[in-house]
Amino acid sequence: MELSWLKDFVALSEVKNFSKAADSRNVSQPAFSRRIKILEEEVGTKLIDRTTVPLSMTSAGEIFLSQARHILSTYHDTVTRCREASTVLAGKLRIAAPQSLYLTQYLWHLERHLDPQMTERNLKSPSWSSDQYITALQQKYCDLVLLYWHPEMRHAEELDKGEFEHISLAHDRLIAVTSTKPSIPIAAGSPSPFSPGPVLGYCSTSSLSSLVDQLICRHFPQIGVEEVNRAGRAVGVKALIMEGFGVGWLPKAMCQKELDCGQLRQIGDDRFSAQLEIRLYRRRANTKESLSRLWQLLQSEAKERSNVFPLSRNA
């Protein structure tokens, strides 16, 4: 089976007309029709219902279409990564981070040290799962990964293995906050910040999900918490909190401005929060010269910073 057949099939599914699809693929209609027929023979069943106007997919065709799009997407992503790998090997530094860290930590700790011409921020990475950051380092798709760290985070154990090393750049605090717009129900004198109250959580792909789940289980085991949403990114959780949909946990640096101006308020005391370490990771086996220079500089800064402003590590 050829990739061109999959592209033909996807094109036909979009315009639902053999002639228009052939034009979009720059082939004659007879040649295009033959390729679709060969594809159906290869699959072993009809994929196109030719009796409808416009054309439609059979049940098998709908299944095949979904997988064809997935295969093509994976193929194009792989080709892009292979082409970009040559840039990495040439000395250009590639950096990945969640969106919240790009917005709150990247500028201060990293960007001022980087040559824009020799640096590439991976702007697909904000949507990655925690496992994908580890894979990116292992496969040399990225040289540096900026992440939150806490011992109860799901990816912590994997990143603490000898394959990787890190620099602690700063600390933040994961706090429970709510909008000042609505009145979130809180029981008088209750040790819990919500009783029961709507909660905005994180989906399992988020690096913050396991820590937030631990906080809920530890402090509210007897409370009927109503979880109304699970988002993949802190930016999405923040947007929902700001609109008054419930209580959620955010890194404090990400919502300090809203706390200061009274748009958000913190819920509960330090028992309902957790300290986050901001870590920059690299793979030890990555000996790229430009990376080594930057690493030494950041290590010196981190050492000087810890001597002047010792950072608490209490969770």
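These legends go with a set of close-up views of a predicted model.

**Figure 1. The whole chain, before we zoom in.** The protein folds into 11 helices and 11 strands. Out of its 315 residues, 44% count as buried. Take the contacts between residues at least 6 apart in sequence: 75% of them join residues at least 24 apart. On the outside, the protein exposes about 16300 Å², and carbon and sulfur atoms supply 51% of that area.

**Figure 2. Leu174 and the largest nonpolar core.** This core has 63 residues, and the ones touching the most other members are Leu146, Leu174, Val177, Leu208, Trp249, Leu250 and Leu280. Strand S6 gives the largest share of the core, with eight residues. A second core sits apart from this one; it has 19 residues, among them Phe18, Phe32, Leu47 and Phe64. Back at Leu174, and leaving aside neighbours within four places in sequence, its contacts include Leu208, Leu211, Val212 and Leu215. Leu174 also touches Trp249, Leu250 and Pro251, as well as Phe272, Ser273, Ala274 and Leu276.

**Figure 3. Helix H10 and its two faces.** Helix H10 covers residues 252–260, and its buried residues are Met254, Cys255, Glu258 and Leu259. Looking down the axis of H10, these buried residues fall within an arc of 115°, so they line one face of the helix. That fits the usual helix geometry: an α-helix has 3.6 residues a turn, so residues three or four places apart point the same way. The face of H10 turned away from the buried side carries the exposed residues Lys257 and Asp260. What do the buried residues of H10 pack against? Their partners are helix H5 (99–109), strand S6 (164–179), helix H9 (234–242), strand S9 (247–251) and strand S10 (264–266). Just after H10 comes Gly262, which takes a positive phi of about 85°.

**Figure 4. Tyr102 and Tyr106, an aromatic pair within helix H5.** The structure holds five aromatic pairs. In this one, Tyr102 and Tyr106 meet edge-to-face, at 5.5 Å centre to centre and with 75° between the planes. Both tyrosines lie in helix H5, four residues apart, which is about one turn of the helix. Are they buried or exposed? Tyr102 has a relative accessible area of 13% and is buried, because the cut-off for buried is under 20%. Tyr106 is buried as well, with a relative accessible area of 4%. Elsewhere, ring pairs link Trp128, Tyr133 and Tyr141 into a cluster.

**Figure 5. Asp143, a buried loop residue.** Asp143 sits in the loop between helix H6 (130–138) and strand S5 (144–149). With a relative accessible area of 1%, Asp143 is buried. Which residue does the side chain of Asp143 reach in a polar contact? The partner is the side chain of Asn286, at 2.8 Å.

**Figure 6. Lys46, a partly exposed loop residue.** Here the loop is the one between helix H3 (29–43) and strand S1 (48–49), and Lys46 lies in it. Lys46 counts as partly exposed because its relative accessibility is 49%, and exposed means over 50%. Setting aside residues up to four places away in sequence, Lys46 touches Lys37, Glu40, Thr58 and Ala60. For Thr58, the separation from Lys46 is 12 residues in sequence and 7.0 Å in space, going C-alpha to C-alpha.

How values were computed:
Residues numbered from 1 in each chain as written. Predicted model: local features only at pLDDT ≥ 70, side-chain atom pairs only at ≥ 80, totals over all residues. Heavy atoms only, no water. Helix = DSSP H or I, 4+ residues; strand = E, 2+ residues; numbered from the N terminus. Buried < 20%, exposed > 50% of the residue type's maximum accessible area, 1.4 Å probe, protein only. Contact = heavy atoms within 4.5 Å. Arc of directions from axis to C-beta. Core = buried A, V, L, I, M, F, W, Y, C linked by side-chain atoms within 4.5 Å. Areas by Shrake-Rupley, 256 points an atom, 1.4 Å probe, with all protein chains shown as cover. Polar contact = N/O pair within 3.5 Å; in protein donor to acceptor, adjacent residues only side chain to side chain. Phe/Tyr/Trp six-rings, centres within 6.5 Å; stacked < 30°, edge-to-face > 60°.
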